[in-house]
2 protein chains.
Amino acid sequence: MIPEKAKRVFEGVLFDVYQWPQEMFDGTVETFEMLKRADTAEIIATKDGKIMLQEQEQPGKPPFLCLPGGRIEKDEEPLDGAKRELLEESGFVSEDWSLFHSVKPSHKMDWSIFVYVARDCRFVQEQHLDAGEKIQIRWVTLDELLDLVDSGQLGWIEQDFRVQCIRAKYHQSTKEEIRIKLFGEMLK
Amino acid sequence: MIPEKAKRVFEGVLFDVYQWPQEMFDGTVETFEMLKRADTAEIIATKDGKIMLQEQEQPGKPPFLCLPGGRIEKDEEPLDGAKRELLEESGFVSEDWSLFHSVKPSHKMDWSIFVYVARDCRFVQEQHLDAGEKIQIRWVTLDELLDLVDSGQLGWIEQDFRVQCIRAKYHQSTKEEIRIKLFGEMLK
């Protein structure tokens, strides 16, 4: 989305800024600006009919509820980044990964979010948290997840997945589709 | 949300970048980074039981459907910015404005979106478009709006309003609440 001719005018810790001259509809030229940030992964990790949530604290913020996930490193495949983040943040692994969807949330930012499903997770080691993370794991049913999203208590999730949860809360066949994606055909 | 002690390290066309030293849970210090951008307004403008949409083109992007709106200027009240944007982009005014809600869409950005309802709009002058805008006005019913949001054709709207539209699509009493907010008690 950032044109080839754009120049990086700032390199930050999280965000880089790019600018380029853009011709307008009337022939005049204006400076256009876009950001670049590292792609991120969010993981819908399941086990025994339940979904993993995190009660997370970060320095200088009130505690919040979210899905496991984080930044994908340079030269890391999105799926590998998702596997690494799940293991670091929760100590769980899965042998059954699939892409739920990927989205570009902003017109003004070169940034993709990859949402994965990791089925039948199992615990293999203790969490390895960054100095800026405090994470408690909590498992909820699909109905509990939909209630948390619908009530706004689980608001900091990828927005297209949030929308699907709201639809599923009020539309039975959407809920069954999501149930199958998360748990397979067997669990009803 | 950006701490007082933060320093502006970059000033861009759309985005400014701020950094500050943040103490981690283990006592170490890391550089934290946040962005600042101008607050924006989106307007749900109504007339004769219908809602105004824009078919918009901007340089270097495929055409897209959205609500009227835009950036609030420095030293401009959000409501005044919303009135100005509606008039510039559509030529319509309203004497019946109310705040639908306001949201801060990102943890990492000092940015608010104000969503307003402008009832009983009337046309007073031609559009005054920027050199980077081509806008066609289109009026839809609430049911058509909900279908456009649900099908993803109207995706670039404020996300909490998008979620409310999805809920309304599948939940009759939410739809009636929205109908009253947009059109008043009279229209059913």
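**Chain A, surface first.** I started with the outside of chain A: about 9400 Å² is exposed, and carbon and sulfur atoms supply 46% of that. Note to self: this is a predicted model.

**Chain A, overall.** I looked up the extent of the C-alpha trace next, and along its principal axes it spans about 60 × 40 × 30 Å. Chain A holds four helices and 13 strands. It has 188 residues, and 49% of them count as buried. Then I checked contacts between residues at least 6 apart in sequence: 58% of these join residues at least 24 apart.

**Charges.** I found 25 positive and 36 negative side chains in chain A. The centres of the two sets lie 2 Å apart.

**A negative patch.** Which residues form the negative surface patch? I noted Glu23(A), Asp26(A) and Glu30(A), plus Asp130(B) from the other chain. I followed up on Glu23(A), which sits in strand E2 (residues 15-23) of chain A. Buried or exposed, I wondered about Glu23(A)? Glu23(A) counts as exposed because its relative accessibility is 53%, and the cut-off for exposed is over 50%.

**Over to helix H2 of chain B.** This helix covers residues 142-150, and I listed its buried residues as Leu142(B), Leu145(B), Leu146(B), Leu148(B), Val149(B) and Asp150(B). What covers them? From chain B, I wrote down strands E5 (50-57), E6 (64-66) and E13 (134-140), along with helices H3 (159-170) and H4 (172-183). Chain A joins in too, with its own helix H3 (159-170). Last stop: just after H2(B), Gly152(B) takes a positive phi of about 85 degrees.

Note on methods: Residues are numbered from 1 along each chain as its sequence is written. Chains are lettered from A and ligands numbered from 1 in the order in which they are written. This is a predicted model: local features need pLDDT of at least 70, side-chain atom pairs count only at pLDDT 80 or more; totals for chains, interfaces and linings use all residues. Side-chain values use heavy atoms; hydrogens and water are left out. Patches are made of residues with over 30% relative accessible area and no salt bridge: like charges are joined within 9 Å, nonpolar side chains (Val, Leu, Ile, Met, Phe, Trp, Tyr) within 5 Å. Accessible areas come from the Shrake-Rupley method with a 1.4 Å probe; for residues, only the protein chains shown count as cover. A salt bridge is a side-chain nitrogen of Lys or Arg within 4 Å of a carboxyl oxygen of Asp or Glu. Lys and Arg count as positive and Asp and Glu as negative; His and the chain ends are not counted. The place of a charge is taken as NZ of Lys, CZ of Arg, CG of Asp or CD of Glu. Helices (H or I, at least four residues) and strands (E, at least two) are DSSP runs, numbered from the N terminus. Buried means under 20% relative accessible area, exposed over 50%, partly exposed in between (1.4 Å probe, protein chains only). Contact means heavy atoms within 4.5 Å.
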